[in-house]
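Subject: A structure to look through

Dear colleague,

I am passing on a structure that I would like you to look through at your own pace. Please open it first, and then read the notes below it with the model in view.

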Amino acid sequence: MSLKLTTRAGLGKAAIGLAAAGAAFALPAPASAQLGADAGVCRSGGNAVLVTVDGFRQRSGNIRVAIYGSDPSRFLARGQTLRKINVPVTASGPMRICVALPGPGRYAVAVRHDVNGNNRSDWSDGGGFSRNPRVSLTNLRPNYNNVAINVGRGVTPVGVVLNYRFGLAIRPVRAS
């Protein structure tokens with residue numbers, strides 16, 4: 001295929017040809033796309049949280065978004081999530097993950113970045129919560145009331161900044 005780029009028309013044809021060639025391959029979703037098995041719920045305006053995860057230390061592994069209900073005693077307890085969504089980490093930018101909810105109410109969002117994708121918690125993994133509470137090596141599990149959010153009808157946006165271990169500190173990549 002020969003590309004003549006001396007005129008605007010030629011540039012346009014080249015761009016169309018390159019776009020068509022790119023469409024033939026399965027490209028990863030852009031970072032701004034809604035990801036996860038429940039993405040259609042967010043697109044249709046159903047009951048959901050749209051969790052924007054940002055602050056990645058590295059772009060590998062998987063992201064897991066877990067939703068907990070209104071009972072503080074079940075927060076972060078094994079087997080007590082209402083819903084979990086796992087997605088591969090995108091190549092760049094924030095990730096927007098949609099998680100369907102049974103309806104309006106009080107919920108807590110926990111996010112884990114499984115850096116090496118082994119489905120186990122490692123010291124290199126990152127994590128965060130709705131409302132972005134401070135965590136430390138002595139306080140890895142924030143209080144439910146510090147992370148709980150009220151969710152109404154429709155899609156509720158939630159921002160989560162990931163925290164990672166840096167020596168004896170746990171903090172975001174870009175310290176604020």
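What follows is a description of the fold, the salt bridges, the main pocket and a few surface features.

Please keep in mind that this is a predicted model, in which local features need pLDDT of at least 70 and side-chain atom pairs count only at pLDDT 80 or more, while totals for chains, interfaces and linings use all residues. Residues are numbered from 1 along each chain as its sequence is written, and side-chain values use heavy atoms, with hydrogens and water left out.

To begin with the fold, the chain has three helices and eleven strands, where helices (H or I, at least four residues) and strands (E, at least two) are DSSP runs numbered from the N terminus. Read from the N terminus on, these elements follow the order α-β-α-β-β-β-β-β-β-α-β-β-β-β. Of the 176 residues in the chain, 36% are buried; here buried means under 20% relative accessible area, exposed means over 50%, and partly exposed lies in between (1.4 Å probe, protein chains only).

Next come the salt bridges, of which the structure holds four. The term stands for a side-chain nitrogen of Lys or Arg within 4 Å of a carboxyl oxygen of Asp or Glu. Side chains of opposite charge can pair when their charged atoms come close. One of the four links D125 to R112, with the closest N and O atoms 3.1 Å apart. This pair connects distant parts of the chain, since D125 sits in the loop between strand 6 and strand 7 while R112 belongs to strand 6, 13 residues apart. R112 also meets D114 in a salt bridge (4.0 Å, N to O), and the shared partners join R112, D114 and D125 into one network. D114 counts as buried because its relative accessible area is 2%, and R112, at 13%, and D125, at 9%, are buried too. D71 and R74 form another salt bridge, at 3.7 Å between the closest N and O atoms, but here D71 is partly exposed at 34% and R74 is partly exposed at 46%.

The largest pocket holds about 900 Å³ of space. On a 1 Å grid over the protein atoms alone, a pocket is an open set of points where a 1.4 Å probe fits, with protein on both sides within 12 Å along at least five of seven lines, and lining residues have an atom within 4 Å of a point. Among its 27 lining residues, R64, L76, R112, S121 and R141 are the closest to the centre of the largest pocket. Strand 7 (126-129) gives the most to this lining, with four residues. By class, the lining has eleven nonpolar, eight polar and eight charged residues.

Finally, at the surface, W123, L137, L140 and L168 make a nonpolar patch of about 460 Å². Such a patch is made of residues with over 30% relative accessible area and no salt bridge, nonpolar side chains being joined within 5 Å. One of its members, L168, lies in the loop between strand 10 (164-166) and strand 11 (169-171), and L168 counts as exposed because its relative accessible area is 76%.

With best wishes

How values were computed
Patches are made of residues with over 30% relative accessible area and no salt bridge: like charges are joined within 9 Å, nonpolar side chains (Val, Leu, Ile, Met, Phe, Trp, Tyr) within 5 Å. Accessible areas come from the Shrake-Rupley method with a 1.4 Å probe; for residues, only the protein chains shown count as cover. Grid points are joined across faces, edges and corners, and a volume is the space filled by probe spheres set on the points. Ala, Val, Leu, Ile, Met, Phe, Trp, Tyr, Cys and Pro count as nonpolar, Asp, Glu, Lys and Arg as charged, and the others, Gly among them, as polar.
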